[in-house]
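Please open the structure in a viewer and keep the selection tool at hand. The tour below proceeds by stops, and each stop states what to select and what is found there.

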Amino acid sequence: MKSKKLKFQIFLYMAIELVIWFFITSGLYEILYYLEDKRGVDFPFKFYLFVNCIQLLLLVIMNIPFVRFLIKRVDKPVKKIISGLNQVSEGNYSEKIDFSAQNELDEIKTAFNDMAKKLEDAEKVKRNAENERILLFANMAHDLKTPITSIIGFSKALSDGIIEDEEKKKEYFTTINRKAVKMNALIDRLFEYVKLESADNQLHFEMVDAAELLRNCLADVYTEYEEKNIQLELEIPELPVMKKADKVELSRVYANLLNNVIKHNEDGIRVFVRMETNGRVMIADSGQALSDNLAEKLFTPFVSGDSSRRSSNGSGLGLALARKIMEKHGGSLIFIQKDEKLPPEYTKAFIAVF
């Protein structure tokens with residue numbers, strides 16, 4: 001039902017009330033005039049006073065529905081709106097108001113409920129982001145603790161002169177250096193991830209040939225693929241695939257996905273790399289499928305396949321970084337497995353679209 005303007009409703013109600021009251025009182029005076037003029041009835045002053053009182057009483061009685069109208073269409077909705085605003089101001093964004101006023105207050109109700117829903121969604125996003133941030137630093141602390149403990153232990157042994165054998169000392173120094181390099185790489189990747197999350201961070205967009213970028217990234221990993229006896233199947237357009245993108249960051253995505261195949265699969269697998277003319281990229285492999293639980297958390301920072309976080313294979317930040325970069329490009333990065341979209345003989349794949 002289309003809502004009417006509140007002032008129009010009030011004006012209409014008052015106009016109808018006055019017209020009814022006018023006809024009733026006019027009819028009453030017509031009767032009295034007839035009795036006096038035609039019948040010769042002489043009414044005393046007190047009788048006219050009584051008639052005036054009846055008219056006032058009638059006006060009051062006729063105003064009762066008008067007051068009820070105002071309470072139903074104005075007072076109750078306003079009270080509910082005020083109550084809802086108080087709830088929202090206290091942080092209860094799930095509060096919804098419900099009434100039927102059939103005027104502008106209905107529009108206020110709809111606007112309020114929409115606002116409350118947006119605030120509730122924003123609060124959920126904020127809580128999720130805060131939880132992710134806490135988890136991010138907790139996992140980072142966990143991943144840094146092991147190499148730091150090793151560095152402290154080995155450096156203590158060396159500084160206390162416990163190790164006398166020169167070969168053993170060299171081995172300890174090598175281990176300390178390796179652990180420090182790993183920590184530095186982890187901190188660098190974390191910095192990149194946090195930088196991408198920042199709203200102030202802007203990518204440098206330009207028209208680039210995405211097909212050429214992908215070929216260059218494939219060339220970079222080709223030797224490692226050969227060492228791992230990985231068989232490559234390629235479908236990349238010969239003509240340029242021009243896309244507006246950040247050349248460095250897009251290359252980072254392609255390189256990450258191609259390196260991910262090496263890090264988290266056994267030797268001798270098949271890898272299928274396809275780019276469509278619209279820039280959509282699929283990188284599929286025939287390696288072992290992931291558990292459903294791991295597949296769901298694959299893009300969560302510090303989550304990676306099997307024991308890679310306990311080894312030198314990965315930090316668990318690469319895929320999270322890749323997805324952030326694709327989102328910054330207005331696109332997406334998804335993971336699929338056991339899906340009809342996969343080419344035959346392949347078990348899982350990453351799909352990058354922008």
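Which residue is the bridge partner of Gln-231 in strand 4? Select Gln-231 together with strand 4: the partner is Arg-270. This pairing belongs to a predicted model, and Arg-270 will return later in the tour as a member of a network of salt bridges.

**The whole chain**

Before going further, display the entire protein. Eight helices and seven strands make up its secondary structure. Of its 354 residues, 35% count as buried. Among contacts with a separation of 6 or more, 69% are between residues 24 or more positions apart.

**The sheet**

Next, select strands 2, 4, 5, 6 and 7. These five strands form an open sheet of mixed pairing, in the order 2-4-5-7-6. Strand 2 (231-235) and strand 6 (332-337) each have a single partner strand, so these two stand at the edges and one side of each is left without a neighbour in the sheet. Ignoring direction, neighbouring strands are turned against each other by 15 degrees on average.

Keep strand 2 and strand 4 (residues 270-275) in view. The two run parallel and are joined by five bridges. Along this pair, Glu-235 stands opposite Arg-274 in strand 4.

Now add strand 5 to the selection. Strand 4 and strand 5 run antiparallel, and five bridges join them. One position to pick is Val-273, whose bridge partner in strand 5 is Ile-283. Then follow the chain through the hairpin of these two strands: five residues lie between the strands, and Gly-279 takes a positive phi near 95 degrees. As a general aid to viewing, side chains in a regular strand alternate between the two faces of the sheet.

**Helices on the sheet**

With the sheet and its bridges still displayed, including the five between strand 2 and strand 4, select helix 5 (residues 210-227). Helix 5 packs on the sheet and touches strand 2, strand 4 and strand 5 (281-285). The direction of helix 5 makes about 165 degrees with that of strand 4.

Then select helix 6 (residues 247-263), which also packs on the sheet. The strands touched by helix 6 are strand 4, strand 5, strand 6 and strand 7 (348-353). The direction of helix 6 makes about 10 degrees with that of strand 5.

**Helix 6 against helix 8**

Two packed helices are described by the angle between their axes and the distance between the axes. Select helix 6 and helix 8 (residues 318-328): their axes come within 9 Å and cross at roughly 145 degrees. The crossing is left-handed. To see the contact itself, show the side chains of helix 6 at Glu-249, Leu-250, Arg-252, Val-253, Asn-256, Leu-257 and Asn-260, and the residues of helix 8 at Gly-318, Leu-319, Ala-322, Ile-325 and Met-326. Coloured by class, this contact shows seven nonpolar, three polar and two charged residues.

**Salt bridges**

Side chains of opposite charge can pair when their charged atoms come close. How many salt bridges does a search of the whole structure find? The search finds 13.

Begin in helix 3 (residues 104-159), where Glu-123 and Arg-127 lie four residues apart, about one turn of the helix. Their side chains meet in a salt bridge of 4.0 Å, N to O. Glu-123 is partly exposed, with a relative accessible area of 24%, and Arg-127 is partly exposed at 44%.

Move to helix 4 (residues 166-197) and select Glu-171 and Lys-168, which lie three residues apart, about one turn of the helix. A salt bridge joins their side chains (4.0 Å, N to O). Glu-171 counts as partly exposed at 44% relative accessibility, as does Lys-168 at 35%.

Finally, return to Arg-270 and select it with Glu-345: their side chains meet in a salt bridge of 3.5 Å, N to O. This pair links distant parts of the chain, 75 residues apart, with Arg-270 in strand 4 and Glu-345 in the loop between strand 6 and strand 7. Is each residue buried or exposed? Arg-270 is partly exposed, with a relative accessible area of 28%, whereas Glu-345 is exposed at 61%. To complete the view, add Glu-233, which is linked with Arg-270 and Glu-345 in a network of salt bridges.

Conventions: Residues are numbered from 1 along each chain as its sequence is written. This is a predicted model: local features need pLDDT of at least 70, side-chain atom pairs count only at pLDDT 80 or more; totals for chains, interfaces and linings use all residues. Side-chain values use heavy atoms; hydrogens and water are left out. Two strands pair if DSSP finds at least two bridges between them. Axes are lines fitted to C-alpha atoms, for helices over the stretch in contact, and angles run from 0 to 180 degrees between N-to-C directions. Contact means heavy atoms within 4.5 Å. A crossing is left-handed if the near helix is turned anticlockwise from the far one by less than a right angle, and right-handed if clockwise. Ala, Val, Leu, Ile, Met, Phe, Trp, Tyr, Cys and Pro count as nonpolar, Asp, Glu, Lys and Arg as charged, and the others, Gly among them, as polar. Buried means under 20% relative accessible area, exposed over 50%, partly exposed in between (1.4 Å probe, protein chains only).
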